[in-house]
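Colleague: Please take a close look at one part of this model for me, the largest pocket. Walk me through what lines it.

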Amino acid sequence: MQLGRFNHIGVAVPDLAEAIAFYREVLGATNITEPFDLPEQGVKVCFVNTPGAGGQEGTQLELLAPLSEESPVTGFLAKNPLGGQHHVCFEVPDIEAARAEFEAMGKRILGPTRIGAHGTPIFFLHPKDMMGQLTEIMESPKEGAGH
């Protein structure tokens with residue numbers, strides 16, 4: 001497995017509007033996408049786009065709020081009522097090849113490969129197999145696709 005580009009940090013929040021205001025007012029974020037529902041994942045999502053250096057794009061923060069009590073993020077927020085870092089995400093060129101490699105290494109994959117917030121295939125790896133960190137693996141977005 002070869003480490004791909006670091007794409008984003010997922011941050012679970014109890015209130016998306018309050019989190020957006022926080023990032024604008026406290027950290028000076030100026031590029032925040034419109035929130036949208038991702039019912040397949042049980043979350044409402046938006047991205048805080050950080051500025052890059054030397055013409056490069058910055059890294060994103062993915063703000064996640066539960067759509068319902070059944071959302072996987074609901075359990076996280078029950079343990080962390082203020083919210084917090086939920087996952088890290090790395091890109092790979094071929095999601096199926098990456099999945100096969102992680103399976104061959106005996107890493108536990110949580111659920112099927114599905115379409116994520118960027119409009120590309122993703123899967124998650126169990127934190128106990130990834131040094132305590134819930135890890136999202138996503139196929140690199142094609143030019144002009146996604147959020």
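Modeller: Start with helix H2, which gives the most to the lining of the largest pocket, with 3 residues. Keep in mind that this is a predicted model. H2 spans 72-79 and does not line the pocket alone. At least two lining residues each also come from strand S3 (43-49), strand S4 (60-66), strand S5 (84-92), strand S6 (109-115) and strand S7 (121-125).

Now the space itself. The largest pocket holds about 410 Å³. Its lining counts 23 residues. By class, 13 of them are nonpolar, 6 are polar and 4 are charged. Nearest the centre of the pocket lie Pro72, His86, Arg114, Phe124 and Leu134.

Take Pro72 from that group. Proline 72 sits in helix H2. Its relative accessible area is 59%, so proline 72 counts as exposed, the cut-off being over 50%. Proline 14 makes a useful reference point for distance. The two prolines, 72 and 14, are 58 residues apart along the chain, and 13 Å separates their C-alpha atoms.

One surface feature is worth adding. Phe22, Val26 and Leu27 make a nonpolar surface patch of about 300 Å². Within this patch, look at valine 26. Valine 26 belongs to the loop between helix H1 (16-25) and strand S2 (36-38). Its relative accessibility is 53%, so valine 26 is classed as exposed too, by the cut-off of over 50%.

Methods
Residues numbered from 1 in each chain as written. Predicted model: local features only at pLDDT ≥ 70, side-chain atom pairs only at ≥ 80, totals over all residues. Heavy atoms only, no water. 1 Å grid on protein atoms, 1.4 Å probe; cavity = no way out; pocket = protein on both sides within 12 Å on 5 of 7 lines; lining within 4 Å. Points joined across faces, edges and corners; volume = space filled by probe spheres on them. Helix = DSSP H or I, 4+ residues; strand = E, 2+ residues; numbered from the N terminus. Nonpolar A, V, L, I, M, F, W, Y, C, P; charged D, E, K, R; others polar. Patch = residues over 30% accessible without salt bridge, like charges linked within 9 Å, V, L, I, M, F, W, Y side chains within 5 Å. Areas by Shrake-Rupley, 256 points an atom, 1.4 Å probe, with all protein chains shown as cover. Salt bridge = Lys/Arg side-chain N within 4 Å of Asp/Glu carboxyl O. Buried < 20%, exposed > 50% of the residue type's maximum accessible area, 1.4 Å probe, protein only.
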